[in-house]
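I set out to record a few look-ups in this structure. The entries below are kept in the order in which I made them.

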Amino acid sequence: MIIIRTPREMREWALAQRQTGKTIGCVPTMGALHEGHASLMREAVAKNDVGVASLFVNPKQFAPHEDFGKYPRMFEADCAMAEQIGITAVYAPDVETMYPDGYQTYVTVEEVSQGLCGAARPHHFRGVTTVVTKLFNAMVPHRAYFGQKDAQQCAVIKRMARDLDMGIEIVEMPIVREADGLAMSSRNAYLSPEERQRALCLSRSLFRARDIMELGERNARKIIHAVREGMADVDIDYVELADADSLKPVEHVQGTIVLAAAAFLGKTRLIDNIKFEAK
Ligand code: AMP
């Protein structure tokens with residue numbers, strides 16, 4: 001496995017792969033890799049000739065009061081995991097290379113970036129779409145793998161790839177969970193044992209809501225109310241029920257919807273969601 005540090009070298013390597021007829025599957029990450037990331041990397045390796053993973057903690061998607069400084073960084077362990085999975089190249093540029101002095105170009109996806117996480121984190125998705133565009137320009141992938149864990153991020157990136165004719169297939173992979181249901185996240189490392197236990201109410205409330213929908217409940221207000229009741233022990237940021245593609249809130253469950261929640265446990269903000277298809 002090779003480690004590449006600059007966009008120019010990354011692009012040259014990727015274009016050389018493409019010239020020999022190889023397909024490239026990429027997995028953008030911020031590192032601190034866990035089984036969720038591993039599932040994306042395995043799929044990228046399985047479905048493409050070469051798999052490339054990026055490790056880059058992107059300052060542009062953190063607000064000044066957020067956790068950019070203390071975000072877990074474990075480069076050696078991440079590379080070991082990527083190599084063991086069969087990733088061919090890791091792309092790990094540094095911040096100055098990505099955003100040199102004078103940097104001033106941003107990619108903005110409008111409506112899908114608003115609401116849900118975009119309401120509390122107004123510049124977050126602009127940072128995400130900007131960095132993902134830069135990563136795509138360097139890794140020149142045929143396919144890119146993202147997790148449903150960040151459902152809004154997936155919807156925003158799918159929209160961006162379509163709108164900007166990127167010619168990259170965006171593949172959304174299911175949420176990988178701990179045995180007790182907690183969605184895996186690099187931020188789970190911040191939780192105290194007591195917070196870790198309370199955090200379970202996110203997945204449990206969402207699963208209960210799915211049971212209610214399976215029994216036929218279609219009223220979004222009632223479903224959201226049930227989720228909120230189950231999350232009484234955490235500081236709720238939002239609970240929303242939205243169309244899975246547009247992310248516009250819906251009053252009535254039909255087609256494929258996403259039921260998403262975000263909450264604070266102490267200073268740690270966790271998100272989770274389920275998708276449900278009404279028959
Ligand atoms: P991050 O490093 O947190 O930016 O995540 C990198 C990619 O891994 C994103 O596409 C995430 O949605 C995905 N991911 C993170 N956690 C999980 C999980 N528990 N299951 C599946 N994918 C995940």
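The entries that follow concern the ligand site, a pocket and one helix residue.

**Entry 1: status of the model.** I note at the outset that this is a predicted model.

**Entry 2: ligand surroundings.** I looked up which residues surround the ligand, and found 17 of them. The closest are Met30, His37, Asp150, Val176 and Met184. I then checked polar atoms at three of these positions. For Met30, a polar backbone atom lies 2.9 Å from an oxygen atom of the ligand. For Asp150, I found an N or O atom of the side chain at 2.6 Å from a ligand oxygen atom. For Met184, a polar backbone atom is 2.9 Å from a nitrogen atom of the ligand.

**Entry 3: second largest pocket.** I read off a volume of about 180 Å³ for the second largest pocket. Its lining comprises 14 residues, and those closest to the pocket centre are Leu55, Phe56, Val57, Arg73 and Phe75. By class, I recorded 10 nonpolar, 1 polar and 3 charged residues in this lining.

**Entry 4: Ala220.** I located Ala220 in helix H10, which covers residues 220-230. Is Ala220 buried or exposed? I entered Ala220 as buried, because its relative accessibility is 3% and the cut-off for buried is under 20%. Leaving out residues up to four places away in sequence, I listed Leu241, Val250, Glu251 and His252 as touching Ala220. I also looked up Ile271, which is 51 residues from Ala220 along the chain; their C-alpha atoms are 19 Å apart.

Technical notes:
Residues are numbered from 1 along each chain as its sequence is written. This is a predicted model: local features need pLDDT of at least 70, side-chain atom pairs count only at pLDDT 80 or more; totals for chains, interfaces and linings use all residues. Side-chain values use heavy atoms; hydrogens and water are left out. Helices (H or I, at least four residues) and strands (E, at least two) are DSSP runs, numbered from the N terminus. Buried means under 20% relative accessible area, exposed over 50%, partly exposed in between (1.4 Å probe, protein chains only). Contact means heavy atoms within 4.5 Å. On a 1 Å grid over the protein atoms alone, a cavity is a set of points where a 1.4 Å probe fits but cannot get out, and a pocket is an open set with protein on both sides within 12 Å along at least five of seven lines; lining residues have an atom within 4 Å of a point. Grid points are joined across faces, edges and corners, and a volume is the space filled by probe spheres set on the points. Ala, Val, Leu, Ile, Met, Phe, Trp, Tyr, Cys and Pro count as nonpolar, Asp, Glu, Lys and Arg as charged, and the others, Gly among them, as polar. A residue is near a molecule or strand if one of its heavy atoms lies within 4 Å of it. A polar contact is a pair of N or O atoms within 3.5 Å; within protein, one must be able to donate a hydrogen and the other to accept it, and residues adjacent in sequence count only if both atoms are side-chain atoms.
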